[in-house]
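Welcome! Keep the structure open while you work through the exercises below, and try each one before reading its solution.

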Amino acid sequence: MITCNQNLQYLLINIFVLYAFYFGLCIGICNITSTQYLRDPATLWCPGNIFKLGFFNPQNSSYRYVGIWYNFSETTVVWVANRDKPLKDSTGVVKISEDGNLVVMNGDKETLWSSNISSTSQTTNSTAQLQGGNLVLLDNSNGSIIWQSYQHPSDTFLPKMKIPINSAKTREKTGLRSWKSPLDPNFGDFSSSITTILPQLFIWKGKYPHWRSGQWNGQIFIGVKNMRSVHTGGYNVVDDEEGTVYLTGLADRKEAVRFTLEPNGNLVQSNWDENERNWMIPWLAISDDCDVYGTCGPFGSCNSLDSPICSCLRGFDPKSREEWEKGNWSSGCVRRKPLQCEEKNKTSKEDGFVKLEFMKVPDFAEWLPSKMEDECRSQCLRNCSCLAYAFDAGIGCMSWSRSLIDIQEFQRAGTTLYIRVAYSELDHPREIRLVAVLVIVSFLIVCVGVFLCWFWIPRRRGQIWFQFKRNHQLDVKKISLEENITTKVDFDDLSMFKFEVLAMSTDQFHENNKLGQGGFGPVYKGILADGKEIAVKRLSTASGQGMEEFMNEVLVISKVQHRNLVKLLGCCIEKEEKMLIYEYLPNKSLDVFLFDPTHKRILDLSKRLHIIEGIGRGLLYLHRDSRIKIIHRDLKPSNILLDNDFNPKISDFGMARIFKCNQDQAETRKVAGTYGYMAPEYAIKGTFSEKSDVFSFGVLLLEIMCGQKVASFWNEDTPLSLLGYAWELWKENNISNFIDPVIWDPDVEVVFKRCIHIGLLCVQEFARDRPTVSIVLSMLSSEVTSLPAPLQPAFANFLEDNGGSVNYVTLTNLDGR
């Protein structure tokens, strides 16, 4: 009887061992050998490693893939084996084949992927291990690595990777290859590679370049914005002195870092934030249109802060002015006057160079053996085919003999580029001095004549306009202001307008020219003597705002310039009059269209998304990209102006505050802003930061999607506010009731869901839970594919008074005491 029990127990143990061996029981193993396989759904993992290898299926897909992912972020896959041949069920296995290769096989024993190592001897004496994020195949006889995934990457570049640009041994070239879509690991349209001479990192769309890093100078890629050292970029180019050049990542990063080639062609750096338990995006290869390869065509230069962003290099004109004016700059520019060395008779004077600072130098650079910049210049000048040159201490002399393509102007850093032009295109100091003397003498004569007319000739009010229409600027030194205010504003870059000029341009501030009324006062349309249209913002004595708010707006907006910020042309300060003069925007403000039953139909979904993105880019510039850090504090639809093409421009900087570079938040006893758009920490405690503007942006986003004001929102079926109503419908997956019926389309419901999701993330009660503006923009462009679930928003319910009636706090400008 005992013998029977022992036999039964032995049989059960064997059955259990076989079951565990063949089906994995989701138990992780540390090695794959010729006798130990990895079967779905088991994982390859060793203690202490932050990576795992196993089987996964993308969201909404039944296909199975073998990949590597992070332990703490299992949806973040960094490498895939069988990208183009997925497993169709859960019978997959990873094993060592008879020839020693690592293979992925399905239940029919069909090989879907192989390490594909050619071997002279048929042996299975090898072992596969996961070393960090690197899947390696080891030769058991000597412990050497015979194959590794780091040299065969998917779409992700990791620290400690060494991707050979050009191997002296294998002559192979490798690089990243994007996924086909965020949910499909198959090979996408975009790939990356590095050139070997004057190394540059490229992103390719098919066979055409999509982005370029600029040349490597031993420390940085000189065409990457704000890259000051290798330690800020996270990668390096290393020559092992054996004929192999490597692109390698930094191995001493404390946090998890990865660079991913996204399906849309953007290279994105992501850093893991342990406190937020989320991926943060500190850098994107393509942050605006200027970063796309060749946006402005040959001999064109791109500046993202200009409008339009493309301009021809000095000495060049658009090749097709008609296409250029339409915003199609791909044909580029052509030289205006031929070079002297191209002329047969050589009658003109010698060519020269135009100096361009802070530039991303063109593609197709040629290296010249010059150790000094002057020698580089001379070599280029002697060579008629040399069209430009640049000198970098780490590279030496670079010259160009073909079309200058992919040039960009940075705000700082960059390289000085010298463009060869004809002599007549150059500045000539002697001639300029002569012209300057003539202009000054003529100006003095005109001034004397004006002075005599002013004192001796009888004049009516209409004659005053004639006298000032040629010179409507006022010397700021004659303005009587408190010294502590004027010292904060640099008036040298700001035009000062006379009151008479503005009065005549607005027809004495006639009611027919009134554009609107704000907390500051009325805004009028004006036309200057040269026909230029302007918007005049006149401070009302009843507005409650004084010289401090007025000068604050001048101080803030005079220091910034961006396509999504309204442009300040000047101001007027005479006696009790204080006025600001802005560019005129014919479509007025966003609220005029958004909340009007007739006009809102003009704002289709495409325009609304464009407006949302533009507001976000304007905020990002204020928070991060401008030379000063600015918190707006009063973001709302009436402060978003629209130009002819419905491009949004943030306005009204009277409440804005300037932060120091290392300052994250500030407090004030004087709470200024508009209820409904104010973050709870600001409205209650007077604490404001970037996240306060993010809250206002979230309210604005929800208003744009809903088409209703946050202040006047009312639904008889619920006591919820606009924010609370969006929250409840989002939880119930019923956002169709929230979206403006004018733009609702069930075919793009996923777009509406994503917008509402992002808006709810922005209006969360606590500032720490809200994303930054840069993260919000990445979410809007789907560069961040996985969004965290939002918490309940602030002010989700209406405030109830003692009588039980439902009231919402009136939208008013206030000064808290």
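**Exercise 1.** Decide whether Glu690 is buried or exposed, then find which side chain meets Glu690 in a salt bridge.

*Solution.*
- Step 1: This is a predicted model, and in it Glu690 has a relative accessible area of 10%. Buried means under 20%, so Glu690 is buried.
- Step 2: The salt-bridge partner is Arg624, with 3.1 Å from N to O.
- Step 3: Arg624 belongs to helix H11 (residues 605–625) and Glu690 to helix H13 (residues 690–706), so their contact ties together parts that are 66 residues apart in sequence.
- Step 4: Arg624, at a relative accessible area of 44%, is partly exposed.

**Exercise 2.** Find the salt-bridge partner of Lys225 and work out which parts of the chain the pair ties together.

*Solution.*
- Step 1: Look for Asp291: its closest approach to Lys225, N to O, is 3.3 Å.
- Step 2: Lys225 sits in the loop between strand S16 (208–215) and helix H2 (230–233), while Asp291 sits in the loop between strand S21 (278–284) and strand S22 (300–302); the pair therefore ties together parts 66 residues apart in sequence.
- Step 3: Check the accessibility of each partner. Lys225 is partly exposed at 26%, whereas Asp291 is buried at 3%.

**Exercise 3.** Describe the salt bridge of Arg336 and Asp317, then place it in the overall count.

*Solution.*
- Step 1: The two side chains meet at 2.9 Å, N to O.
- Step 2: Arg336 is found in the loop between strand S25 (333–335) and strand S26 (352–360), and Asp317 in strand S24 (residues 316–318); the pair links distant parts of the chain, 19 residues apart.
- Step 3: Both partners turn out to be partly exposed, Arg336 with 39% and Asp317 with 25%.
- Step 4: The count for the structure is 25 salt bridges. Salt bridges can also join into a network, as they do for Arg212, Lys360 and Asp406.

**Exercise 4.** Classify the aromatic pair formed by Phe259 and Trp283.

*Solution.*
- Step 1: A pair of rings is described by the distance of the centres and the angle of the planes.
- Step 2: Here the centres are 6.2 Å apart and the planes make 65 degrees. Planes over 60 degrees apart count as edge-to-face, so this pair is edge-to-face.
- Step 3: Phe259 lies in strand S19 (residues 257–261) and Trp283 in strand S21, so parts 24 residues apart in sequence are tied together.
- Step 4: Phe259 is buried at 4%, and Trp283 is buried at 17%.
- Step 5: The whole structure holds 28 aromatic pairs. Elsewhere, Phe51, Tyr70, Phe72, Trp272 and Trp279 make up one aromatic cluster.

**Exercise 5.** Find which ring lies under the charged end of Arg633, and which under that of Lys52.

*Solution.*
- Step 1: For Arg633 the ring is that of Phe688, whose centre is 4.8 Å away.
- Step 2: For Lys52 the ring is that of Trp45, with 6.0 Å to the centre.

**Exercise 6.** Trace the open sheet that contains strand S3 and name its edge strands.

*Solution.*
- Step 1: Three strands follow the order S2-S3-S4, with antiparallel pairing.
- Step 2: Strand S2 (51–56) and strand S4 (77–80) pair on one side only, so they are the edge strands.
- Step 3: Neighbouring strands of this sheet are turned by 30 degrees against each other on average, direction ignored.
- Step 4: Strand S3 (residues 65–70) is joined to S4 by three bridges, and Ile68 stands opposite Trp79 in S4.

How values were computed
Residues are numbered from 1 along each chain as its sequence is written. This is a predicted model: local features need pLDDT of at least 70, side-chain atom pairs count only at pLDDT 80 or more; totals for chains, interfaces and linings use all residues. Side-chain values use heavy atoms; hydrogens and water are left out. A salt bridge is a side-chain nitrogen of Lys or Arg within 4 Å of a carboxyl oxygen of Asp or Glu. Helices (H or I, at least four residues) and strands (E, at least two) are DSSP runs, numbered from the N terminus. Buried means under 20% relative accessible area, exposed over 50%, partly exposed in between (1.4 Å probe, protein chains only). Rings of Phe, Tyr and Trp (its six-membered ring) pair if their centres lie within 6.5 Å; planes under 30 degrees apart count as stacked, over 60 as edge-to-face and the rest as tilted. A charge sits over a ring if NZ of Lys or CZ of Arg is within 6 Å of the ring centre and within 35 degrees of the ring normal. Two strands pair if DSSP finds at least two bridges between them. Axes are lines fitted to C-alpha atoms, for helices over the stretch in contact, and angles run from 0 to 180 degrees between N-to-C directions.
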